[in-house]
Amino acid sequence: AYIKGPPDSPYEEGWFKLEFIIGQNYPIDPPKVKILTKCYHPNIHFQTGEICLDILKRSIIRPFGPLNPFAEPRKFTDKPNADSPLNCDCGNQIRAGDMMAYQTMAQMYTVEYAMAEDVIVEVEDILVHKNLI
């Protein structure tokens with residue numbers, strides 16, 4: 001799947017490729033999700049793409065129906081959590097209050113990896129194939 005970076009964030013205009021592995025026990029067991037696009041974010045491991053998000057680590061069955069695990073990864077880019085970072089450098093910048101350094105690095109990685117020509121071409125091909133553009 002691809003998610004678009006949220007507006008008014010350093011990820012804006014970027015397209016981030018995700019891998020969902022849905023096991024036989026879904027929705028009792030949540031899907032395994034990792035981000036394949038390099039991303040500078042405190043809750044994303046830069047090398048493995050692992051995402052540190054509580055909803056992705058527990059059952060998604062709730063009294064009012066299952067949560068949507070496909071929407072959750074986009075939500076967390078809006079509010080990075082520096083208290084339990086997988087990317088310590090990024091988390092340290094945020095905890096130190098150096099939001100300019102964090103946002104500059106995140107935007108640089110977004111331009112480099114999530115706005116690359118091959119990414120945009122692949123996303124456009126998918127959108128055309130699905131008759132969305």
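Where is Asp 8 found? Asp 8 is found in the loop between β1 and β2; helices (H or I, at least four residues) and strands (E, at least two) are DSSP runs, numbered from the N terminus. The model is predicted, so local features need pLDDT of at least 70 and side-chain atom pairs count only at pLDDT 80 or more, while totals for chains, interfaces and linings use all residues. Residues are numbered from 1 along each chain as its sequence is written, and side-chain values use heavy atoms, with hydrogens and water left out.

Most residues other than glycine have a negative phi. Asp 8 is not a glycine, yet its phi is positive, at about 55 degrees. Asp 8 is exposed, with a relative accessible area of 77%. The classes are buried (under 20% relative accessible area), exposed (over 50%) and partly exposed (in between), with a 1.4 Å probe and protein chains only. Glu 13 also lies in the loop between β1 and β2. Its phi is positive too, at about 75 degrees, although Glu 13 is not a glycine. At 44% relative accessibility, Glu 13 is partly exposed.

Three strands form an open sheet in the order β1-β2-β3, with antiparallel pairing. Two strands pair if DSSP finds at least two bridges between them. β1 (2-4) and β3 stand at the edges with a single partner strand each, so one side of each has no neighbour in the sheet. Neighbouring strands are turned by 30 degrees against each other on average, direction ignored. Axes here are lines fitted to C-alpha atoms, for helices over the stretch in contact, and angles run from 0 to 180 degrees between N-to-C directions. Three bridges join β1 to β2, and Ile 3 stands opposite Phe 16 in β2. β2 and β3 pair over four bridges. Across this pairing, Leu 18 stands opposite Ile 35 in β3.

In a regular strand the side chains alternate between the two faces of the sheet. β3 shows this alternation. Val 33 and Ile 35 point to one face and are buried. Lys 32 and Lys 34 point to the other face and are not buried.

The largest nonpolar core holds 18 residues. Such a core is a set of buried Ala, Val, Leu, Ile, Met, Phe, Trp, Tyr and Cys residues joined through side-chain atoms within 4.5 Å. Phe 16, Ile 35 and Tyr 102 touch the most other members. Two or more residues each come from β2 (15-21), β3 (32-35), α2 (88-95) and α3 (99-114). α3 gives the most, with four residues. Apart from this core lies another, of five residues, including Tyr 2, Trp 15, Val 119 and Val 123.

Phe 16 is buried, with a relative accessible area of 4%. Neighbours within four places in sequence aside, its contacts (heavy atoms within 4.5 Å) include Ala 1, Tyr 2, Ile 3, Tyr 11, Ile 35, Thr 110 and Ala 114. Thr 110 is in helix α3 and is buried, at 2% relative accessible area. With the same sequence neighbours left aside, Thr 110 contacts Pro 10, Tyr 11, Glu 12, Gly 14, Phe 16 and Met 115.

The structure holds four aromatic pairs. Rings of Phe, Tyr and Trp (its six-membered ring) pair if their centres lie within 6.5 Å; planes under 30 degrees apart count as stacked, over 60 as edge-to-face and the rest as tilted. Tyr 11 and Phe 16 are edge-to-face, at 6.0 Å centre to centre and 75 degrees between the planes. Tyr 11 is buried, with a relative accessible area of 1%. Tyr 40 and Tyr 109 are stacked, at 5.6 Å centre to centre and 15 degrees between the planes. Tyr 40 lies in the loop between β3 and α1 (72-76) and Tyr 109 in helix α3, so the pair ties together parts 69 residues apart in sequence. Both Tyr 40 and Tyr 109 are buried. Ring pairs link Tyr 40, Phe 46, Tyr 109 and Tyr 113 into a cluster. Lys 38 lies over the face of Phe 46, at 4.7 Å from the ring centre. That label requires NZ of Lys or CZ of Arg within 6 Å of the ring centre and within 35 degrees of the ring normal.
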